[in-house]
Amino acid sequence: MDVVQIRGGKPLRGTVAISGAKNAALPIFAAALLTDEPCVIENVPDLSDIRFMIKIIESLGAEVVKAGDNAWQIRAAELDHVATYEQVRKMRASVCLMGPLLGRLRKAVVSLPGGCVIGPRPIDLHLKGFKKLGCAIDIKEGYVQMDGSRMKGSDVFLGGRHGSTVLGTANLVMAATLIPGITRIDSAACEPEVVDLCRMLVSMGARIDGIGSHILTIEGVKQLHGCTHRVIPDRIEAGTFILGAAVTRGDLTLEGVRMEHLGALLDKLEECGLSVARNGSPDSVRVDGRDLRPAPVDVITLPHPGFPTDLQAQMCALMAVTPGISVITEKIYPHRFMHVPELQRMGADISMEGASAIIKGVDKLSGAPVMASDLRASAALFLAALAAEGESWVQRIYHIDRGYEKIDEKLRALGADITRKNQEEMPAHFLPET
Ligand code: EPU
């Protein structure tokens, strides 16, 4: 198993290219199943989750071939309707195959995904939405069995206890593009990734109104056609590098960024004292953290355009070394604080109060062996290790490889002292007891 060794204390400096968004690309790959014509998807990040999605859609009958650097062509001339537990449990995002299968075949059998380390992640809203469109649903032996033969457009309210649902909205929109009649989704998610999916669907011939708002109206069409679509840049990867510049007092230029997708983060960072400015072209930004004396800020995660939950852990890493007290409250996944005990191992002073982390900034963190529990927690540990004094070993980095393209290479090119190694190369006193 791979681990990374990070010797902290070096500011990140230079230019980094931001990759395509994982969370946009995954449902977009699923959307390609809505037509039997080829779809070409560009700006796809090279990630284990993407490779995994390719395997699943291939097992459903799609042909997937490379179509250039970071581009794939998907053609689902034939399509099966069963996604097994073996497939879905490895990547929860595979639930977003339900929508395309129902749209195209009017039937789907998809395993329930099971537990997730960041807390309960039900799919009741997805199922409620499909039922509202007339889909008969039966849950048997861990599988959702869906008969969509009588589906037709309808009004659906898709808000839940924690707000809107990103993949639930994606699922319903995808199904509705091919379901007869008009579907109106109220309390739809308006994350940039949902907008990107809708744009792709429109270029396939779908009729969708209200893109980017909380009310989406979809008029079902008889069939969709192939298209070429370029995935948006990954706002979470961009946010992670911006926070990396802040925590290491670095100076970074990020290429391929949409500032308008990062409003809540940039607003918090401005409050914190960090300037992030456009750098000539519209998709280039410069983050100069060299003279930063950060001020503590309170953060609450919320659905877009609020502060993204996927940057909460990384923000905790910055606040851990920001003098004063900050409070970070998680409203989307109240249990998503697995990074906290690991940051504490590095000397962070954090106490938990329900779904809030109360962080008293310390002068310095100290390097330590730490364990990644999930994708964004890993990113937080990388940032903490880059800022810490001494050496850290981050274990279970397969989590970070799910969502950050070539993260160690990108960081090394920016001056970080980071090396990917085999776990056996860890010094004996760092190895976990067996
Ligand atoms: N929820 C329900 N019922 C549902 C669906 C969701 O109660 O049927 C709740 C969830 O438990 C959560 C909230 O609603 O409290 C929002 O969940 P959402 O459905 O929006 O999450 P998701 O679509 O499953 C996507 C991203 C996550 C990201 C969330 C929130 C993908 C592949 N995943 O998940 O990304 O945290 O939206 O923005 O798009 C990550 O990249 O690390 C990641 C976890």
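A polar contact is a pair of N or O atoms within 3.5 Å. In this predicted model, R92 meets that cut-off with the ligand: an N or O atom in the R92 side chain lies 3.0 Å from an oxygen atom of the ligand. The side chain of Y333 also makes such a contact, with one of its N or O atoms 2.9 Å from a ligand oxygen. At L167 the partner is a polar backbone atom, 2.8 Å from an oxygen atom of the ligand. Taken alone, the ligand exposes 820 Å², and the protein buries 91% of that area.

The shell that provides this cover consists of 24 residues, and D124, L125, T165, D310 and I332 are the closest to the ligand. By class, the shell is made up of 11 nonpolar, six polar and seven charged residues. Four helices each supply at least two of the shell residues: α1 (22-31), α5 (124-132), α6 (166-176) and α12 (375-387). The most comes from α5, which gives three residues. Both domains take part, since domain 1 (2-19 + 234-430) and domain 2 (22-227) each contribute at least three residues to the shell.

Next come the empty spaces in the protein. Rolling a probe the size of a water molecule over the atoms shows where such space is left. The second largest pocket holds about 280 Å³ of space. It is lined by 16 residues, with V247, R249, V321, D363 and K364 closest to its centre. The lining of this pocket divides into nine nonpolar, two polar and five charged residues.

Enclosed space is also present, as two cavities of 30 Å³ or more. The largest cavity has a volume of about 80 Å³. Its lining draws two or more residues from each of α8 (235-247), α12 and α14 (407-413). Here α12 gives the largest share, four residues; α12 is also one of the helices that supply the ligand shell. Among the residues lining the largest cavity are L12, F241, F382, L386, I400 and L411. In total, this lining has 10 nonpolar and two polar residues, and no charged ones.

The second largest cavity has a volume of about 30 Å³. A313, R336, F337, M338, H339, D374, R376 and A377 form its lining. Charged residues do occur here: the classes are four nonpolar, one polar and three charged.

Notes:
Residues are numbered from 1 along each chain as its sequence is written. This is a predicted model: local features need pLDDT of at least 70, side-chain atom pairs count only at pLDDT 80 or more; totals for chains, interfaces and linings use all residues. Side-chain values use heavy atoms; hydrogens and water are left out. A residue is near a molecule or strand if one of its heavy atoms lies within 4 Å of it. A polar contact is a pair of N or O atoms within 3.5 Å; within protein, one must be able to donate a hydrogen and the other to accept it, and residues adjacent in sequence count only if both atoms are side-chain atoms. Accessible areas come from the Shrake-Rupley method with a 1.4 Å probe; for residues, only the protein chains shown count as cover. Ala, Val, Leu, Ile, Met, Phe, Trp, Tyr, Cys and Pro count as nonpolar, Asp, Glu, Lys and Arg as charged, and the others, Gly among them, as polar. Domain bounds come from an automatic or database domain assignment. On a 1 Å grid over the protein atoms alone, a cavity is a set of points where a 1.4 Å probe fits but cannot get out, and a pocket is an open set with protein on both sides within 12 Å along at least five of seven lines; lining residues have an atom within 4 Å of a point. Grid points are joined across faces, edges and corners, and a volume is the space filled by probe spheres set on the points.
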